[in-house]
Protein chains: 2
Amino acid sequence: MGIVERKERDREEMRDLILEAARTLFLTKGYEKTSIRNIADAIEYSPGTIYLYYKDKNELLFALHEAAFRKMTLELSQVNDISDPFARLVEMGHRYIKYAVENPEMYDLMFVMKGPMQDLACRDEVWEDGLKAFSLLEYVITDCIKAGYFKELDVETAALTIWSYMHGLVIIFLKDRMKMFNDNREKERMQQSYALFVKMMRSSF
Amino acid sequence: MGIVERKERDREEMRDLILEAARTLFLTKGYEKTSIRNIADAIEYSPGTIYLYYKDKNELLFALHEAAFRKMTLELSQVNDISDPFARLVEMGHRYIKYAVENPEMYDLMFVMKGPMQDLACRDEVWEDGLKAFSLLEYVITDCIKAGYFKELDVETAALTIWSYMHGLVIIFLKDRMKMFNDNREKERMQQSYALFVKMMRSSF
DNA sequence: CAAATATAATGAACAGTGTTTATTGACAAT
DNA sequence: ATTGTCAATAAACACTGTTCATTATATTTG
């Protein structure tokens with residue numbers, strides 16, 4: 001009798017139900033305005049129930065963070081049909097910016113908020129999602145080197161440098177620090193800056 | 001009789017008292033664990049009193065953010081004795097990283113947290129502190145162009161690009177996203193990456 | 001100087017937060 | 001049919017930012 005299996009399935013279903021409700025609230029109301037009680041209300045359960053499926057809010061945030069990574073990785077992997085490695089790298093950057101701008105709350109969860117990382121830390125695990133996304137970038141860079149674009153380059157350092165730039169650019173935008181320019185050309189500025197960075201990569205690596 | 005003047009002085013003193021207590025708590029306990037009640041306790045006043053001097057927590061955060069900018073601007077300006085503009089730019093970068101690593105809570109306040117920007121937005125003012133710091137970078141870049149280092153370069157775009165990189169690098173570090181490498185060479189990696197970025201600037205601009 | 005007024009500070013209250021726990025109710029096993 | 005297991009709950013705890021009627025103090029006026 002597969003009754004313990006059914007229980008496990010039920011449990012997984014419940015975890016998913018909570019996760020989906022959390023995501024929806026996140027995307028509609030934003031992180032700061034989404035509470036455990038809100039999530040509980042949305043799925044018509046009591047607040048305490050959520051703690052039977054997730055040990056605390058950080059664990060829930062981490063689960064959400066994992067789902068966000070799956071989505072981003074999927075979108076970033078769609079450049080694999082571009083044969084020229086450098087063009088692929090450039091397009092990956094464009095998609096990275098696009099993802100961040102279109103999913104600000106999720107981007108925050110993935111790369112800024114401390115909650116998910118704290119959950120990871122107390123479980124004493126390594127940040128696999130980050131590592132996987134990072135290796136995606138390393139892979140393209142390796143291809144660029146093979147194709148003769150870059151030379152004498154430590155792949156890991158190059159990847160960190162490129163990621164730092166991309167990350168900084170989108171965070172400046174997402175955290176409203178670009179409104180100091182006081183015109184409404186923020187996205188235009190991002191594109192101009194990215195164009196410059198691409199030029200830097202092309203001519204210096 | 002300068003009694004309204006004295007009142008104004010008293011008021012300014014009280015604002016400072018609150019601000020200093022807030023800063024101390026920020027630096028010792030971190031932002032997330034510092035509440036209005038904590039600050040009130042520290043200066044031995046009731047919580048409500050703080051609202052007689054700051055309209056809300058965001059205004060207090062903004063005041064703190066301003067003080068942090070004064071400190072950073074001071075530290076970044078100490079490179080002015082370096083005559084070679086490019087060397088000055090490079091040293092400024094080093095100091096930027098140093099400031100961020102040594103003042104993580106303040107850096108967060110200045111460039112990541114939404115609170116201070118919300119306060120600014122509801123007062124409908126421009127982000128002067130950010131603009132001032134940005135123009136510090138623009139100034140060095142302009143000097144680099146004059147000295148023949150860079151050419152055919154839009155100063156504003158270049159400044160945004162360099163800032164994006166610096167910002168991204170330190171945020172990756174401060175938000176614990178560098179622990180995916182799982183060794184303890186985070187700061188070393190930052191230095192390696194920055195060295196690469198400097199090389200990129202030298203050879204491509 | 002005394003009375004009236006202005007104002008600084010207070011503590012309680014409000015509505016919210018994450019989290020824990022004793023109690024209840026339904027299902028499974030004996 | 002009774003026992004045991006376990007999911008779900010409501011209530012409570014200790015917080016949070018913020019507001020407000022009340023009190024105490026200081027200043028101005030009669």
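A residue is taken to be near a strand if one of its heavy atoms lies within 4 Å of that strand. In the predicted model analysed here, 17 residues surround DNA strand C on this criterion, the closest being A:S35, A:R37, A:Y51, B:T49 and B:Y53. Both protein chains are thus represented among the closest residues to strand C.

Several of the contacts to strand C involve its phosphate oxygens. A polar atom in the side chain of A:S35 is placed 2.6 Å from a phosphate oxygen of DNA strand C, and a polar backbone atom of A:I36 lies 2.8 Å from a phosphate oxygen of this strand. From chain B, an N or O atom in the side chain of B:T49 is 2.5 Å from a phosphate oxygen of DNA strand C. Of the strand C atoms within 4 Å of the protein, 58% belong to sugar or phosphate, and the rest belong to bases.

The surface near DNA strand C receives at least two residues from each of three helices, namely α1 (3-29) and α2 (36-42) of chain A and α3 (47-50) of chain B. The largest share, three residues, is supplied by α2(A). By class, this surface near strand C consists of six nonpolar, six polar and five charged residues.

DNA strand D is surrounded by 19 residues, of which A:T49, A:Y53, B:S35, B:R37 and B:Y51 are the closest. Contacts to phosphate oxygens of strand D were again found from both chains. An N or O atom in the side chain of A:T49 lies 2.5 Å from a phosphate oxygen of DNA strand D. In chain B, the corresponding distance to a strand D phosphate oxygen is 2.7 Å for a side-chain N or O atom of B:S35 and 2.9 Å for one of B:K57. The elements giving two or more residues to the surface near DNA strand D are α3 (47-53) of chain A and, from chain B, α1 (3-29) and α2 (36-43). Here α3(A) provides the largest share, four residues. The surface near strand D comprises six nonpolar, seven polar and six charged residues. Sugar or phosphate accounts for 64% of the strand D atoms within 4 Å of the protein, with bases making up the rest.

With respect to overall architecture, chain A contains 10 helices and zero strands. The C-alpha atoms of chain A fill a box of roughly 60 × 50 × 30 Å along the principal axes. Of the 205 residues in chain A, 51% are buried. Among chain A contacts between residues at least 6 apart in sequence, 68% join residues at least 24 apart.

The two protein chains meet at an interface in which 49 residues of chain B contact 49 residues of chain A. The area buried between chain B and chain A is about 4,300 Å², and carbon and sulfur atoms give 69% of this area. Of the area that chain B buries against chain A, 19% is supplied by B:R177, B:M180 and B:M200, more than by any other three residues.

The largest nonpolar core holds 146 residues, among which A:W163 and B:W163 touch the most other members. Leaving aside residues up to four places away in sequence, A:W163 touches A:Y96, A:F111, A:W127, A:F134 and A:L137 within chain A, together with B:I172, B:R177 and B:M180 of chain B. Two of these chain B partners, B:R177 and B:M180, also belong to the trio named above for its share of the area buried by chain B.

How values were computed: Residues are numbered from 1 along each chain as its sequence is written. Chains are lettered from A and ligands numbered from 1 in the order in which they are written. This is a predicted model: local features need pLDDT of at least 70, side-chain atom pairs count only at pLDDT 80 or more; totals for chains, interfaces and linings use all residues. Side-chain values use heavy atoms; hydrogens and water are left out. A nonpolar core is a set of buried Ala, Val, Leu, Ile, Met, Phe, Trp, Tyr and Cys residues joined through side-chain atoms within 4.5 Å. Buried means under 20% relative accessible area, exposed over 50%, partly exposed in between (1.4 Å probe, protein chains only). Contact means heavy atoms within 4.5 Å. A polar contact is a pair of N or O atoms within 3.5 Å; within protein, one must be able to donate a hydrogen and the other to accept it, and residues adjacent in sequence count only if both atoms are side-chain atoms. Ala, Val, Leu, Ile, Met, Phe, Trp, Tyr, Cys and Pro count as nonpolar, Asp, Glu, Lys and Arg as charged, and the others, Gly among them, as polar. Buried area is the accessible area (1.4 Å probe) that two parts lose on being put together, summed over both.
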